Amino acid sequence: MNCNEIEIHAIEYMDGALSAGLRTRVDAHLTGCSDCRERLEGFASVNDLLDSWDPIVPSAAFDARLERKIYEQKTGYTDWWAALSALLGGAALGKPVLAGALAAILLVAVSVVQFAPNQTQPGAGLSEMGTILATIEGSEELFLYRNLPVLENFELLSNFKVLQELNSSTP
Amino acid sequence: MRMDVVAIVTDAELMLRVKDGDDQSFAGLLSRHREPVVNFIYRMVQNRGIAEELAQDVFLRVYRARTNYEPSAKFTTWLYCIATNVALNSSRDGKLSRNTETLDDPESYAARTLRSTDPTVEEEMVARSLGWEIRQAIGALPEKQKTAVILHKYQELDYRQIAAALDCSESAVKSLLFRAYESLRVRLSHLSGGKK
């Protein structure tokens, strides 16, 4: 056996995977060839060194993420847009159609908010609320009510019987 | 009880059950191969986050291919063919940020420092230096040599399985391994002496 043949069998020799006959022939060559012997000893050392690269443990979220990918695969919902599209109108809706529909809905919503008549009663603005509060100023209960979060809502405030009574009793 | 049943069933049998719609069998395959596949790809890309992401892609491909699965080859051969393709494609696509040390990476200096104070400073430095040099040496190998070494050394695949994963002959695998070990021997020669 020559040095070139050793190259062919070196890894199997290191793995102990050679037949007895081939192993004897490799051993015979190594006895007389210091270069090949040194090389194969080096391979064995490298093999030992590689053992020190410890494995990692997959994160706890691995399965959950995979499950999500498989779910997406099964349902075909690869993103929120697709899921929304299916929810609104089925798979037939394309992105441009859906975008147009959403834009129209948004436009209507803005228009309603902008141009709808004021739902609050006349004189029930913030200044009126200040007036009411001013009328009960001096009352011991004012401090209590002022700190109630419910007073921030004028609808509730205007229907709040206790305040109405205070208001009417104040000169 | 369920685990006992899973343990005596071969991978191919489990995969055939998955093919028939049994998702529980897929969970069995996942529990067997999750860690080896993650580690194979981790050693390929040397980044934990990317490795997990790619390993999930591998299992997703396995699941997706369930309907066409035929047990013509060993399941692990098929699995590592997929895993090798995913890892090599990812590398070719340039998705990898190699040798990026983060706190998520258990072998990064920062993570090692934060994780444990048990080993002495000297032991820690030696381990860090050794681990880093091995990673660098393997990372510097050409992709096919690196894949061959990792499949051979860590996944313990035989030459025929590695040949299937790399789509080459068995003799080509032995040649790849020879060249890879020769490069590693030269590169890590200064460490070998202390290891004997």
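Colleague: How are helices H8(B) and H10(B) oriented to each other: parallel, antiparallel, oblique or perpendicular?
Modeller: Residues are numbered from 1 along each chain as its sequence is written, while chains are lettered from A and ligands numbered from 1 in the order in which they are written. This is a predicted model, in which local features need pLDDT of at least 70 and side-chain atom pairs count only at pLDDT 80 or more, whereas totals for chains, interfaces and linings use all residues. H8(B) and H10(B), helices being DSSP runs (H or I, at least four residues; strands are E, at least two) numbered from the N terminus, pack at an angle of about 95° with their axes 9 Å apart, where axes are lines fitted to C-alpha atoms, for helices over the stretch in contact, and angles run from 0 to 180 degrees between N-to-C directions. Since angles under 35 degrees count as roughly parallel, over 145 as roughly antiparallel, 65 to 115 as roughly perpendicular and the rest as oblique, H8(B) and H10(B) are therefore roughly perpendicular.

Colleague: How many nonpolar residues does the contact of H8(B) with H10(B) have?
Modeller: Residues are in contact if their C-beta atoms, placed from the backbone, lie within 7 Å, and here Lys144(B), Gln145(B), Ala148(B), Val149(B) and His152(B) of H8(B) meet Val173(B), Leu176(B), Leu177(B), Arg179(B) and Ala180(B) of H10(B). Ala, Val, Leu, Ile, Met, Phe, Trp, Tyr, Cys and Pro count as nonpolar, Asp, Glu, Lys and Arg as charged, and the others, Gly among them, as polar. On that scheme two residues of the contact are polar, two are charged, and the number that are nonpolar is six.

Colleague: How many of the 11 residues of H8(B) are buried?
Modeller: A residue is buried if 20 or more other C-beta atoms lie within 10 Å of its own, exposed if 12 or fewer, and partly exposed in between, with C-beta atoms placed from the backbone. The buried residues of H8(B) include Gln145(B) and Lys146(B) as well as Ala148(B) and Val149(B). H8(B) is mostly covered, the number of its buried residues being eight.

Colleague: Which helices do the buried residues of H9(B) pack against?
Modeller: Seven of the eight residues of H9(B) (159–166) are buried, so this helix is largely enclosed by the rest of the structure. Among the buried ones are Tyr159(B), Gln161(B) and Leu166(B). Their packing partners are three helices of chain B, namely H5 (75–92), H8 (143–153) and H10.

Colleague: Is Asp167(B) buried or exposed?
Modeller: Asp167(B) sits in the loop between H9 and H10 of chain B, and its phi is positive, near 55°. Its C-alpha atom is 8.5 Å from that of Cys81(B), although the two are 86 residues apart along the chain. With 11 C-beta neighbours inside 10 Å, Asp167(B) counts as exposed.

Colleague: Which helix gives the largest share of the largest nonpolar core?
Modeller: A nonpolar core is a set of buried Ala, Val, Leu, Ile, Met, Phe, Trp, Tyr and Cys residues joined through C-beta atoms within 7 Å. The largest one has 61 residues, and those touching the most other members are Ile41(B), Leu54(B), Ala83(B), Ala148(B), Ile162(B) and Leu177(B). Nine residues of this core, its largest share, come from helix H3 (residues 23–45) of chain B.

Colleague: Within what arc do the buried residues of H2(B) fall?
Modeller: In H2(B) (residues 11–19), Leu14(B), Met15(B) and Val18(B) are buried. The arc is that of the directions from the helix axis to the C-beta atoms. Seen down the axis, these buried residues of H2(B) line one face of the helix, because they fall within an arc of 100°.

Colleague: Which helix of chain A gives the most to the side that touches chain B?
Modeller: In total, 26 residues of chain A are in contact with 31 residues of chain B. H1, H3 (34–50) and H4 (62–75) of chain A each supply at least two residues of that side of chain A. With eight residues, the helix that gives the most is H3(A).

Colleague: What is the angle between H1(A) and H10(B)?
Modeller: H1(A) (residues 3–15) touches H10(B) (residues 170–187) with the axes 9 Å apart, and the packing angle is about 80°.  The contact is made by residues including Ile8(A) and Ile11(A) of H1(A) and Leu177(B) and Phe178(B) of H10(B). The two helices are therefore roughly perpendicular, at an angle of about 80°.

Note on methods:
Contact = placed C-beta atoms within 7 Å.
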